[in-house]
Amino acid sequence: MLAMIGLAYAGLAALCLGMDRHHRQVVGRGIKTRATLTLRLAGTTILALSFAAAIASDGWVFGPVAWCGGLTAAALALVFLLPYRPRLAMALGPVGLLIAALAA
Amino acid sequence: MKTGFRQSMAWAHGWAGLVTGWLLFAIFLTGTLSFYRHDITAWMRPEWRPAPAIDRATAADRAEARMQVIGTDANRWLIDLPDGRDRAAHLAVWRDAGHAPRFQREEFDPAADAPVVARRTYGGDFLYYFHFDLQMPSVWGRLLVGLAAVIMLALIVSGVIVHIRIFKDFFTFRPQKGGQRAWLDAHNALGVLALPYHLMITYTGLVTLMFLYLPWGVDLAYRGDRAAFHAEAALAQPAPRPAGRPAPLVPLGPLIIRAEARWGVPAGRIDVYRPNDAAAIVRIHAADSSGLAHRRHQIAFDGTTGAIVAIEDGRPAGILRAAMYGLHLGRFAGPGLRLLYFIGGIAGTAMIATGLVLWLVKRRPRRQRVVEGLNVGAMAGLVIAIAAFFWANRLLPAGLADRADIEAAVFFASWALAAVHGACRPHLRAWVEQLGLAAVLYAALPLVNAATSGRHLGYSLVQGDWPMAGFDLAALATGLILAALARQLGRR
Amino acid sequence: MKALAIASRVLAAVAGGYALAAAIAASAATALPGQKAEAALIGIMLGFVAYTGAMIWAFAARSAWRAWIGLMLPTGLLGLVAWIGTIA
């Protein structure tokens with residue numbers, strides 16, 4: 001479950017950073033299209049891995065339920081941290097990947 | 001209305017949200033806390049320490065022995081075996097007219113082979129029943145909650161329709177902008193990010209009481225014979241007629257072992273029809289926590305020979321219903337998933353709260369004193385009332401006979417007092433004062449625990465007693481969060 | 001008057017919506033193929049969805065009249081289906 005949440009946060013953070021508005025929030029300047037596409041691809045892939053982690057740990061019946069819950073928790077954490085500590089919120093993305101790697 | 005689709009949806013969402021918001025807040029908050037109702041009950045009965053758990057077959061045998069003592073002349077016994085979270089077995093006995101008492105209940109600890117002896121309290125079940133029953137007589141509470149739930153679904157749908165830039169604004173929260181923008185962002189975020197949860201929990205909530213709300217199909221198709229429907233849907237079987245001849249009941253333990261061997265999951269509930277009669281039937285159900293589909297697996301045994309009479313593993317629509325029932329109760333959830341359920345519920349509660357505040361903020365500088373008073377009273381007041389409930393639990397003498405009802409009375413009285421306070425005080429002051437009071441009440445609960453029982457936080461942490469420690473820690477955290485909120489508001 | 005129109009829509013949403021849900025539950029149980037018990041369960045579950053949709057419709061419809069007609073027509077039809085299902 002820890003791996004699933006870590007990956008979910010990292011994936012969402014990547015998708016978030018790929019948006020111009022939030023890129024400005026974190027980095028201070030706008031984002032280029034290529035970077036957006038890269039981050040979106042990365043984010044989606046990581047979210048898919050998060051789903052796989054959920055199925056791996058909880059099976060096909062409970063896994064999807066757990067995944068939805070994990071996404072929600074990760075998303076809430078990201079969105080409510082972002083306006084107050086934008087760089088920390090983004091830095092936690094790679095931390096999420098690390099946690100997932102360790103938990104696997 | 002000559003306005004467009006989105007405008008009419010926005011209008012309807014705002015007004016329907018206002019009218020049902022306070023009730024929905026109460027339903028969501030008490031329902032969310034109910035995910036931990038067994039732990040709450042444990043904290044509210046610190047003198048009962050469950051003995052180390054034993055295997056279910058032995059537990060069943062001991063429960064059966066206890067039933068032979070307290071359940072004589074019964075036409076039905078019901079035994080709910082303990083599971084990881086609820087450490088007591090629940091025994092229920094029904095008798096025919098002419099034998100008193102007609103209905104009897106007891107909490108029994110099979111591991112200690114003795115009934116549970118503890119102070120009288122409704123415990124966490126008070127909040128659990130309140131969230132769908134509202135403590136109203138007969139079915140009125142359930143009907144009201146059901147209507148609120150359908151309106152909630154419509155609120156969610158209309159909310160999504162109104163939220164035009166749902167993808168663009170997915171991660172958007174701008175508290176620095178203040179005022180309407182900040183509150184709307186928060187309301188949207190809490191709604192969208194937990195959208196699957198909100199839809200799931202509301203719809204499945206309706207499903208749990210589906211036969212109360214829409215019995216017409218069953219009544220029409222079965223010409224009023226609801227028992228026939230329940231039998232065909234494998235939801236309940238009619239009780240067998242008594243044979244009139246006494247016959248010894250088979251030991252239940254071996255039946256548990258056989259059932260669990262067949263299913264591969266734990267057994268949870270034992271239904272004995274016509275115990276100690278030649279026509280006895282023992283129906284064993286899989287445990288609530290064993291799978292998503294609630295109590296889907298059942299085996300009926302002959303009560304005197306132990307032969308298998310019927311096996312039920314559910315049919316498609318029945319399994320779908322059972323899965324939805326299971327999703328709502330969340331009994332299948334382990335600690336991690338349970339916490340996620342809780343987070344979803346808090347998000348829903350906060351979504352409703354931000355919506356109610358937004359309703360007022362949107363209309364500034366126009367004031368709406370009635371709504372202001374109701375907002376504070378209904379929301380902060382409920383938070384205070386729950387804390388007061390826990391305080392009453394520890395301050396009332398343990399031996400007092402009516403203490404369970406007095407605890408409930410304290411809950412309602414506190415809520416009412418808070419409502420009056422909210423109506424009398426200036427709006428912002430009312431919020432600050434009530435949130436401040438709530439903060440103190442919650443943060444002090446671990447101290448109240450230490451002062452009124454031997455199971456204080458230090459002790460429970462060392463012992464690894466997570467229900468007790470978790471309650472104290474959660475209360476402390478809640479107090480700190482409420483204090484921070486009160487301070488934020490107090491600065492204005 | 002506007003207040004009357006609003007009240008009418010609210011009534012349509014709450015009462016008319018319930019009538020539609022009941023009609024769906026009843027007609028599904030008697031008219032859907034397959035096991036009666038299964039059909040009845042599906043009918044109830046669909047009924048809740050219909051009730052929600054009805055509430056949206058009651059306020060999305062261009063007039064209070066349309067709101068009512070849009071709910072009463074299907075309710076009537078499904079009620080007929082339910083009744084036929086009991087005879088057949």
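Chain B meets chain C through 28 residues of chain B and 27 residues of chain C. The model is predicted. On the chain B side, six helices matter here: α1 (5-34), α5 (140-162), α7 (195-208), α9 (216-221), α10 and α12 each give two or more residues to the side that touches chain C. The top contributor is α5(B), with 6 residues. By class, the chain B side holds 21 nonpolar, 4 polar and 3 charged residues.

Now turn to chain B itself. The domain assignment splits chain B into domain 1, domain 2 and domain 3. Domain 1 is assembled from 1-44, 128-231 and 327-334. Domain 2 takes 56-120 and 234-314. Domain 3 is 367-492.

Consider the pair formed by domain 1 and domain 2 of chain B. Their C-alpha centres lie 34 Å apart. They do touch: 8 residues of domain 1 are in contact with 11 residues of domain 2. On the domain 1 side, α10 (226-232) and α12 (316-329) of chain B each supply at least two residues. The largest share comes from α10(B), with 3 residues. That domain 1 side has 5 nonpolar, 2 polar and 1 charged residues.

Two helices link these views. In chain B, α10 and α12 are among the elements on the side that touches chain C. Both α10 and α12 of chain B also serve the side of domain 1 that touches domain 2. The leading helix is α5(B) for the side that touches chain C, and α10(B) for the side of domain 1 that touches domain 2.

Definitions and conventions
Residues are numbered from 1 along each chain as its sequence is written. Chains are lettered from A and ligands numbered from 1 in the order in which they are written. This is a predicted model: local features need pLDDT of at least 70, side-chain atom pairs count only at pLDDT 80 or more; totals for chains, interfaces and linings use all residues. Domain bounds come from an automatic or database domain assignment. Two residues are in contact if their C-beta atoms, placed from the backbone, lie within 7 Å. Helices (H or I, at least four residues) and strands (E, at least two) are DSSP runs, numbered from the N terminus. Ala, Val, Leu, Ile, Met, Phe, Trp, Tyr, Cys and Pro count as nonpolar, Asp, Glu, Lys and Arg as charged, and the others, Gly among them, as polar.
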